[in-house]
Amino acid sequence: MNNLFNKKILLIICGGISAYKSLELIRVLKKRNVQVKTILTKSAKEFVTPLSVTSLSQEKVYYDIFSVENESEMDHISLSRWADLIVVAPATANTISKLSSGMSNDLASTVILASNKDIYLAPAMNVRMWEHASTKENLFKLKNYGYKIIGPEIGDMACGEFGKGKMAEVNEIIKQIEIYFNNKTKNQKFKALVTAGPTLEYIDPVRFITNKSSGKQGYEIAKSFRDNGFDTTLISGQTNLDPVTGVNFIKVNTAEEMFNETINNLPADVAVFSAAVADYKVKNYNSKKIKKKENLNLILEKNIDILAHVSKHNYLRPKLTIGFAAETNDLVENSLTKLEEKNCDWIVANDVSDTSIGFNSDNNQVSIFYKNKTNETLDKMSKSLVATELVNRVITKLN
Ligand code: CTP
């Protein structure tokens, strides 16, 4: 079956000798009934002509950001909205550098910066350029932003040198695109539920107890499930983050509300409990605003443990139930205890005493503890990439 049938790919060709391979890429995509629109960078036009691209793609070629004709027909925002996927091939060192710093000084970089789609880069450059520390740093940044990289390969280069830097072969690029769309279709049958952010427990109508959770990691996990085709529900405590679009987004205040919404939205195939649920609620809640007095005693009582309740439930338990462990000390021991006591399949643990990776940071470093007693520690990376890594492991497990 042709899983690429009628897909829309926006191909961005940059100026490198391997741009000629992109013509072949267009030809093969067209043969697979893919709609291909193409953007050529200024230097790409030195390597391939707009005429050859338009003849192969049977579509208009875009290359000028300030073209009245382009903007009236399909502006730079609509171009990325039109596409199901964006592929940059070849992605030169220059373009990689521009993208890593968020530049938008030509049509290609502007479309990418404004894009809401997944982006594949197929780098192609001389081996020294590929190995240069700045290229490595730029790619590291781009991966953390969520770009996916295909290749490059090792081989003889057009410049006469040998090494890593050759653009991936057309077949390899097609294969990766196929896997991408396959995953999306395959995962559509799966339902994911994510809890995220802090809960708050009211003392009186205007005061509450809460914690420092930003919700960022859970939001990224929900986005990653969504982007991989899962039917996704995100149950979030109060955060300062924008709602996640394309998911069933439910906002709650208290642990009790989070519990009720979780139960209402089960069953699911996978549930990730990343919320920092308040362990206690106020027993002597005052329905009127409490007046200032010398002493005030709050009586706290335990909240229900949502994760433990679900993971021990006879029929509501998802096939894959994943908890988080936010620890300031004894990370391994505490995580293993939670894995066992909360009957989880996996525990994702992070050290929240380190401010560079904990609450509110954009980065994270997690260890995953598995039920079968194995574990792994991921490198420090963006929360978005942690989400990708986690969801990739979920996909492998569910399939
Ligand atoms: N959790 C939950 N409901 C609660 C408390 C925790 O669902 N009432 C979930 C969290 O979402 C997380 C896991 O349990 O997935 C562990 O949460 P954490 O705060 O690290 O641990 P606690 O169980 O609260 O234990 P402690 O505070 O003693 O470390």
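**Notebook: ligand site and pockets**

Started with the shell around the ligand: I count nine nonpolar residues, one polar and four charged. Note to self: this is a predicted model.

Next I asked who sits there. The ligand has 14 residues around it, and the closest are Phe273, Ala275, Asp279, Phe324 and Lys342. I then sorted the shell by element. Strand E17 (320–327) and helix H13 (306–311) each put in at least two residues, and E17 has the largest share, with four.

Then I went through polar contacts to ligand oxygen atoms. Lys342 uses its side chain: an N or O atom there is 2.4 Å from a ligand oxygen. Phe273 comes in through the backbone, with an N or O atom 2.5 Å from an oxygen of the ligand. Phe324 also uses a backbone N or O atom, at 2.8 Å from a ligand oxygen. As for cover, the ligand on its own has 570 Å² of accessible area, and the protein covers 78% of that.

Which pocket does the ligand take up? I looked it up, and its space is the second largest pocket.

So much for the ligand; on to the largest pocket. I get a volume of about 1500 Å³ for it. Its lining runs to 47 residues, with Asp118, Tyr145, Gly146, Lys148 and Asp227 the closest to the centre. Several elements give two or more residues to this lining, among them helix H7 (107–113), helix H9 (133–145) and helix H15 (383–398). H10 (170–187) is on that list too, and H10 gives the most, eight residues. By type, I logged 14 nonpolar, 17 polar and 16 charged residues in the lining of the largest pocket.

Methods:
Residues numbered from 1 in each chain as written. Predicted model: local features only at pLDDT ≥ 70, side-chain atom pairs only at ≥ 80, totals over all residues. Heavy atoms only, no water. Near = heavy atom within 4 Å. Polar contact = N/O pair within 3.5 Å; in protein donor to acceptor, adjacent residues only side chain to side chain. Areas by Shrake-Rupley, 256 points an atom, 1.4 Å probe, with all protein chains shown as cover. 1 Å grid on protein atoms, 1.4 Å probe; cavity = no way out; pocket = protein on both sides within 12 Å on 5 of 7 lines; lining within 4 Å. Sits in = over half its atoms within 2 Å of the grid points. Nonpolar A, V, L, I, M, F, W, Y, C, P; charged D, E, K, R; others polar. Points joined across faces, edges and corners; volume = space filled by probe spheres on them.
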